[in-house]
Amino acid sequence: MILPIVQADDPVLRQPARVLRPEEIRTAEIRELIANMKETMRDAPGVGLAASQIGRAIQLAVIEDRSEYSKDWTPEQLAERDRRPVSFHVIINPKIELSSAKAEFFEGCLSLAGLMALVPRARQVTVECLDENGQARVIEAHGWYARILQHEIDHLGGAMYVDRMLPRTLMTVENYKKFWLEKGMARTISELANRHER
Ligand code: ZN
């Protein structure tokens, strides 16, 4: 079942999500929630969806970066973003550690439909979490996958990318395509950084 995705500033998006108890994880209710979130994420489409975004303040998110989502990107653009496909998986009760090295790229969110902004994010992360079977997992991620993890784990803490974006870089996806896409990332970042300094 495709679930409605709540939009900013629905209170649930600003509420820190509660930890799931181990005995809750394998219940029919949570399994059904995961299946519905997977369907909702694919329908959107998006590369991640936190439970808060469908109105449930629990520490659970689904992630999947399918190769078809990157089919319009050049190999150079994919290399620049350090982006490669990530198979579907579930993170529950995550704890994240960030590298100090950062990268800036445009980021969007299904709960801020039609908008994007430049967001600095750690290039590498280590995430300790449980999977959908309640098994402990350690995820070492870099590049775009690390960005997705940071974005989804932010949601579980009640944060959104607009809290971390570079001020004055918020734009519609339409205007990004119209004014910035052709310029490439290096020129875009430097022009937007100048805008920030003025
Ligand atoms: Zn989001």
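Two strands are taken as paired if DSSP finds at least two bridges between them. With that criterion in hand, the tour of this predicted model can begin at a strand pair.

**The hairpin of β4 and β5**

Select strands β4 and β5 as the opening view. The two run antiparallel and are joined by 7 bridges. Within this ladder, choose Glu 107 and then its bridge partner in β5, Ala 117. Next, follow the chain through the turn: β4 and β5 form a hairpin with 6 residues between them. Gly 114, located in that turn, has a positive phi of about 85 degrees.

Now widen the selection to the sheet. β4 and β5 belong to an open sheet of 3 strands, ordered β4-β5-β8 and paired in antiparallel fashion. The edges are held by β4 and β8 (171–172); each has a single partner strand, so one side of each is left without a neighbour in the sheet. Add helix α4 to the view: α4 packs on this sheet, where it touches β4 and β5, and its direction makes about 65 degrees with that of β4.

**Leu 118 in strand β5**

Return to β5 and select Leu 118, which has its place in this strand. Is Leu 118 buried or exposed? Its relative accessible area is 0%, so Leu 118 is buried. Display its surroundings: leaving aside residues up to four places away in sequence, Leu 118 touches Glu 104, Phe 105, Phe 106, Met 165, Leu 166, Thr 169, Met 185, Ile 189 and Leu 192. For a contrast, draw a distance from the C-alpha atom of Leu 118 to that of Gly 134; the two are separated by 35 Å, although the residues are 16 apart along the chain.

**Two aromatic pairs**

Two of the contacts of Leu 118, Phe 105 and Phe 106, lead to the next stop. Counted by centre distance, with a limit of 6.5 Å, there are 2 aromatic pairs. In one of them, the ring centres of Phe 105 and Trp 144 are 5.8 Å apart and the planes stand at 65 degrees, so the pair is edge-to-face. This pair links distant parts of the chain, with Phe 105 in strand β4 (residues 102–108) and Trp 144 in helix α4 (residues 143–156), 39 residues apart. Both Phe 105 and Trp 144 are buried.

Move on to Phe 106 and Tyr 176, an aromatic pair that is tilted, at 4.8 Å centre to centre and 55 degrees between the planes. Here too distant parts of the chain are linked: Phe 106 is in strand β4, Tyr 176 in helix α5 (residues 173–180), 70 residues apart. Phe 106 counts as buried at 8% relative accessibility, and Tyr 176 counts as buried at 9%.

**Charges over rings**

Go back to Trp 144 and add Arg 147, whose charged end sits over the Trp 144 ring, 5.4 Å from its centre. Then select Lys 38 and Phe 88: the charged end of Lys 38 sits over the ring of Phe 88, 4.5 Å from its centre.

**The zinc site**

Select the zinc ion. Which residues coordinate the zinc ion? The donors are Cys 109 (SG), His 151 (NE2) and His 155 (NE2), at 2.0 to 2.2 Å. Their spacing in sequence is C-x41-H-x3-H. Cys 109 lies in the loop between β4 and β5 (115–122), and His 155 in helix α4, so the pair ties together parts that are 46 residues apart in sequence. Cys 109 and His 155 are both buried.

**The five-stranded sheet**

The last stop is an open sheet in which 5 strands follow the order β1-β2-β3-β6-β7 with antiparallel pairing. At its edges stand β1 (48–50) and β7 (136–142), each with a single partner strand, so one side of each is left without a neighbour in the sheet. Neighbouring strands are turned by 40 degrees against each other on average, direction ignored.

Select β6 (residues 124–130) together with β7; the two pair in the antiparallel sense over 7 bridges. Gln 124 stands opposite His 142 in β7.

Finally, show the helices on this sheet. Helix α2 (residues 28–43) packs on it and touches β1, β2 (60–65) and β3 (86–98), with its direction at about 40 degrees to that of β2. Helix α4 also packs on this sheet, touching β1, β2, β3, β6 and β7, and its direction makes about 65 degrees with that of β3.

How values were computed
Residues numbered from 1 in each chain as written. Predicted model: local features only at pLDDT ≥ 70, side-chain atom pairs only at ≥ 80, totals over all residues. Heavy atoms only, no water. Phe/Tyr/Trp six-rings, centres within 6.5 Å; stacked < 30°, edge-to-face > 60°. Helix = DSSP H or I, 4+ residues; strand = E, 2+ residues; numbered from the N terminus. Buried < 20%, exposed > 50% of the residue type's maximum accessible area, 1.4 Å probe, protein only. Lys NZ or Arg CZ within 6 Å of the ring centre and 35° of its normal. Donors = N, O, S within 2.8 Å, 3.2 Å for Na, K, Ca; no water. Axes fitted to C-alpha atoms, helices over the stretch in contact; angles between N-to-C directions. Contact = heavy atoms within 4.5 Å.
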